[in-house]
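Here are a few short exercises on side-chain contacts, each with a worked solution. Have the model open and try each task before reading on.

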Amino acid sequence: MNLISIRDLDKKEIEKILDLSEEMAAGKIKRKYDKILATLFFEPSTRTRLSFQAAALRLGMSYLDFSPETSSLKKGETFTDTIKVISGYADVLVIRHPKEGTARLAGDAIEKPVINGGDGGNQHPTQTLIDLFTIRKTKGKISNLNVSLLGDLKHARTMQSLVYALAMFGAKITLISPKGLELDPTLIKEVEEKFDAKIKTKSELSFNDADVLYVCRIQEERFADPYEAKRIKEQFMLKSEHLKNTKKDLVILSPLPKINEISHEIDANNKAKYFEQAHYGVPVRMAIIDYLLGRQTRN
Ligand code: CP
């Protein structure tokens, strides 16, 4: 009933959500829900919060937007009590929180479906579904594609979820990160063992064999040392010159926001599909809500 981690879904379930997203995008699903979605964001967001709200409206639902700053949390009410109360006001809850495991905690505390809108550096499963949808839409498939993942692979929750899903779908993954920001080796071992994943690591910004280049920002807010984050941020940027010998049909994706990780001139390059990817947030999140509410009804 919850979507907390990408591990909560198997390949068949993901394919079902992607197919449903396709139908949502084409306006083929006319189902309307007399239900309420609550968005509870304890960290900043543009895409996840607003596209979930837009998705709810498009499904005929209403939404409540919880604001931690003006809530009774400020009087000392606990997170769990807050969630329990809101579960009586809404039918599905989307939670973003800086602390890993908070969405799971909420899911265990209430009976209503909980969707993880990002918990610390841990998981961002709905972003991954958007990423898979965009890859499938632009490349026609996911399996056997060469996918290069570039950026702060240590702290980015999008990458933790995406690596798992790409491995599940049989993509060939190349990891490129600034020194010290490498992906957790435990995750690499997990997907190699589970999915027989093909994972390479390199340091140079060359993407000649890549079909998809996925760039994530340096996650400054998760660094213990802000000066170290600033130093890496200033050095790290994808520029047009890095795209010179890339495949004609390379697709460049990013969960966004981009700060200075992608040079502005790349926006005009037709390989850049990250704004399109952000727009797919609405049909994919419509499909996720529909899938969870439908499953709840069937159960
Ligand atoms: N990709 C993403 O999660 O964006 P927001 O932080 O704006 O929601």
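**Exercise 1.** Find the aromatic cluster in this predicted model.

*Solution.* Three rings belong together here: Phe42, Phe66 and Phe79 make up one aromatic cluster. In total, the structure has five aromatic pairs.

**Exercise 2.** Classify the ring pair of Phe133 and Tyr280, and place both residues in the fold.

*Solution.* Start with the geometry: the ring centres are 5.0 Å apart and the planes stand at 80°. Angles over 60 degrees count as edge-to-face, so Phe133 and Tyr280 form an edge-to-face pair. Next, the location: Phe133 sits in helix α5 (residues 125-139), while Tyr280 is in the loop between α9 (274-279) and α10 (281-298). The pair therefore ties together parts 147 residues apart in sequence. Finally, Phe133 and Tyr280 are both buried.

**Exercise 3.** Is Tyr274 buried or exposed?

*Solution.* Buried means under 20% relative accessible area. Tyr274 has 1%, so Tyr274 is buried.

**Exercise 4.** Describe the salt bridge between Lys233 and Glu220.

*Solution.* First the distance: the closest N and O atoms of Lys233 and Glu220 are 2.7 Å apart. Then the positions: Lys233 belongs to helix α8 (residues 226-235) and Glu220 to the loop between β8 (212-216) and α8, 13 residues apart. Last, the accessibility: Lys233 is buried at 17%, whereas Glu220 is partly exposed at 31%.

**Exercise 5.** Which residues are linked with Asp19 in a network of salt bridges?

*Solution.* Follow the links from Asp19: the network also holds Glu22, Arg136 and Lys137. Across the structure, the count comes to 20 salt bridges.

Key: Residues numbered from 1 in each chain as written. Predicted model: local features only at pLDDT ≥ 70, side-chain atom pairs only at ≥ 80, totals over all residues. Heavy atoms only, no water. Phe/Tyr/Trp six-rings, centres within 6.5 Å; stacked < 30°, edge-to-face > 60°. Helix = DSSP H or I, 4+ residues; strand = E, 2+ residues; numbered from the N terminus. Buried < 20%, exposed > 50% of the residue type's maximum accessible area, 1.4 Å probe, protein only. Salt bridge = Lys/Arg side-chain N within 4 Å of Asp/Glu carboxyl O.
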